[in-house]
Amino acid sequence: MMWFFPITNGWFLQVYNWSALSNENSADIRFPYRTYYRIIRNANTIINATDTAIGSVKDKNIVKGQALLYRAFCHFQLVQLYGKRYVNGEANSQLGIPIILTVGNGNFPRSTVEEVYAQINKDLDEANILLAGYSKPNNSHLNLKVAQGLKGRVALTQGNWAIAADYANKARSGMSLMSVADYGAGFNNYNNKEWMWGSHINEVQTQYFGNFGAYMSRNFSSTVIRSCPKAINSKLYNLIPPTDVRSTIFSKDGSHPNLELTSVFVKFPYTSQKFLAIGTGDSRCDVPYMRAAEMYLIEAEAKARLGQADAATILYDFEKARNPEYVLSTNTGQALVDEILLQRRIELWGEGFRFFDLKRTNSALDRTGANHDSGITNGVMIVPSGDKRWQWLIPKVEIDANPLVKQNEL
């Protein structure tokens with residue numbers, strides 16, 4: 001994702017200018033490492049106790065299936081950040097991350113990227129069996145659709161196109177895309193019919209200035225939002241047709257007239273109102289982790305890479321919901337893949353996919369010619385594919401605590 005930061009604000013600035021990624025003492029690289037492994041520890045506690053727990057087989061399957069998905073998801077996020085990219089058809093013997101399947105204080109070395117993905121898929125396959133028939137109470141729970149969606153997402157990253165297309169199709173089957181009106185209303189309600197998995201922030205559990213909406217929304221009145229609203233890359237925005245509803249969730253001049261922002265909100269071009277908090281004094285905003293739109297895009301990309309004729313039709317079915325004027329693409333081969341990747345970039349803006357998409361496709365980061373300030377980026381306008389910074393350093397505190405873990409290239 002592309003963000004615009006005034007120099008006065010420090011939130012994630014070192015990630016934006018890529019300096020944190022090569023600093024083993026950075027809190028920015030330590031936070032996801034610690035967070036995902038804490039979730040894995042909690043998941044392992046559940047997984048390893050479920051079989052002997054008291055309760056029906058059905059209930060135990062539901063609990064264990066969801067825990068397996070959390071463990072798979074966290075290992076997946078970690079290996080994408082701290083390991084080198086997965087390359088289909090190669091041995092993938094490069095170091096990934098420690099695979100943790102137990103609860104305890106034991107030290108584990110880094111497994112290979114291939115081994116990590118094998119464990120991720122093992123967990124996903126089991127979850128796909130255990131969660132069959134489960135009707136979840138709300139979208140903060142994980143059901144078969146989410147299991148299928150994660151399987152498709154992982155397969156896309158591995159370049160397993162047939163598996164990606166199959167599971168993405170299963171995941172979106174029976175689901176509806178948002179209407180134009182719903183899309184333009186803002187991404188802040190996990191009950192949205194297109195959402196498959198998301199977090200609901202309730203009043204009791206709110207983090208106030210730590211909420212997603214306190215950082216990514218346009219309307220909550222916090223210093224970070226008033227002084228440095230998040231903006232789309234101007235070159236990307238200019239590729240969105242005016243008939244496409246997605247052009248309406250960004251303000252080219254930064255005025256956002258429908259939000260009625262007061263004078264204390266600094267105005268910058270191309271700022272986003274995709275995510276909206278409950279109000280200026282309430283930063284709560286539900287967070288999307290998976291939507292049906294992603295499944296359309298996974299299936300279309302995978303089939304395009306396989307050279308299957310219906311890839312353009314799947315893209316058309318998706319695009320027509322966003323832009324009523326869209327016509328069936330005549331592109332084929334790499335041109336069609338590129339069109340799908342562009343639509344993926346527009347659709348999933350701000351939802352945490354851009355870094356991973358560039359890395360999995362072995363593409364360079366290119367900020368030139370857009371609304372990026374080279375002073376704020378610390379001169380980092382282009383990062384070539386294969387640059388060592390695509391592989392985040394392992395936090396120094398982890399290496400100090402676990403001598404079995406080897407550091408990435410400094």
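# A first look at this chain

Tyrosine 183 makes a handy way in: leaving out residues up to four places away in sequence, tyrosine 183 touches Met178, Val245, Arg246, Ile249, Arg291, Arg322 and Glu347. Keep in mind that this is a predicted model. Zooming out, the chain has 15 helices and six strands, and buried residues make up 54% of its 410 residues.

**Around tyrosine 183**

- Tyrosine 183 sits in helix α7, which covers residues 180-184.
- Is tyrosine 183 buried or exposed? Its relative accessible area is 0%, so tyrosine 183 counts as buried.
- Tyrosine 237 is 54 residues away from tyrosine 183 in sequence, and their C-alpha atoms are 17 Å apart in space.
- One of the residues that tyrosine 183 touches is Glu347, and Glu347 is also among the buried residues of helix α13.
- Another contact of tyrosine 183 is Arg291, a residue that tryptophan 195 touches too.

**The chain as a whole**

- How does the radius of gyration fit with a compact globule? For 410 residues, such a globule would come out near 22 Å, and the chain has 21 Å, which agrees.
- Taken along the principal axes, the C-alpha atoms fill a box of roughly 60 × 45 × 45 Å.
- Look at the contacts with a separation of 6 or more, and 67% of them are between residues 24 or more positions apart.
- The accessible surface adds up to about 17,500 Å², with 54% of it belonging to carbon and sulfur atoms.
- On the charge side, there are 43 positive and 37 negative side chains. The centres of those two sets lie 3 Å apart.

**Three helices to find**

- Helix α3 runs over residues 57-82, 26 residues in total. From first C-alpha to last it reaches 37 Å, close to the 38 Å expected at 1.5 Å a residue.
- α3 is mostly covered, with 20 of its 26 residues buried.
- Helix α11 takes in residues 292-306, which makes 15 residues. Its reach from first C-alpha to last is 21 Å, close to the expected 21 Å.
- α11 is mostly covered as well: 13 of its 15 residues are buried.
- Just after α11 comes glycine 307, with a positive phi near 75°.
- Helix α13 spans residues 333-347 and has 15 residues. Here the reach between the end C-alpha atoms is 21 Å, close to the 21 Å expected.
- Which residues of α13 are buried? They are Leu336, Val337, Glu339, Ile340, Gln343, Arg344, Ile346 and Glu347.
- As background for reading that list, an α-helix has 3.6 residues a turn, so residues three or four places apart point the same way.

**Tryptophan 195 in strand β1**

- Tryptophan 195 belongs to strand β1, residues 195-199.
- With a relative accessible area of 2%, tryptophan 195 is buried.
- What does tryptophan 195 touch, setting aside residues up to four places away in sequence? The list is Asn139, Met175, Phe187, Asn188, Asn189, Tyr190, Asp286, Val287, Pro288, Met290 and Arg291.
- Asparagine 105 is 90 residues from tryptophan 195 along the chain, and 37 Å separates their C-alpha atoms.

**Two unusual spots in one loop**

- Most residues other than glycine have a negative phi.
- Histidine 256 is not a glycine, yet its phi is positive, at about 45°.
- Glutamate 260 is not a glycine either, and its phi is positive at about 50°.
- Where do you find them? Histidine 256 is in the loop between β2 (250-251) and β3 (271-272), and glutamate 260 lies in the loop between β2 and β3 too.
- Histidine 256 has 1% relative accessibility, so it counts as buried.
- Glutamate 260, by contrast, is exposed, with a relative accessible area of 68%.

**Alanine 20, between two helices**

- Alanine 20 lies in the loop between α1 (13-16) and α2 (27-50).
- This alanine 20 is buried, at a relative accessible area of 2%.
- Apart from its neighbours within four places in sequence, alanine 20 is in contact with Gln14, Val15, Ser26, Asp28 and Ile29.
- Arginine 30 is 10 residues from alanine 20 in sequence, and their C-alpha atoms are 9.8 Å apart.

Key: Residues numbered from 1 in each chain as written. Predicted model: local features only at pLDDT ≥ 70, side-chain atom pairs only at ≥ 80, totals over all residues. Heavy atoms only, no water. Helix = DSSP H or I, 4+ residues; strand = E, 2+ residues; numbered from the N terminus. Rg over C-alpha atoms; globule rule 2.2 N^0.38 Å. Buried < 20%, exposed > 50% of the residue type's maximum accessible area, 1.4 Å probe, protein only. Contact = heavy atoms within 4.5 Å. Areas by Shrake-Rupley, 256 points an atom, 1.4 Å probe, with all protein chains shown as cover. Lys, Arg positive; Asp, Glu negative; His and termini not counted. Charge placed at Lys NZ, Arg CZ, Asp CG, Glu CD. Expected span 1.5 Å × (residues − 1).
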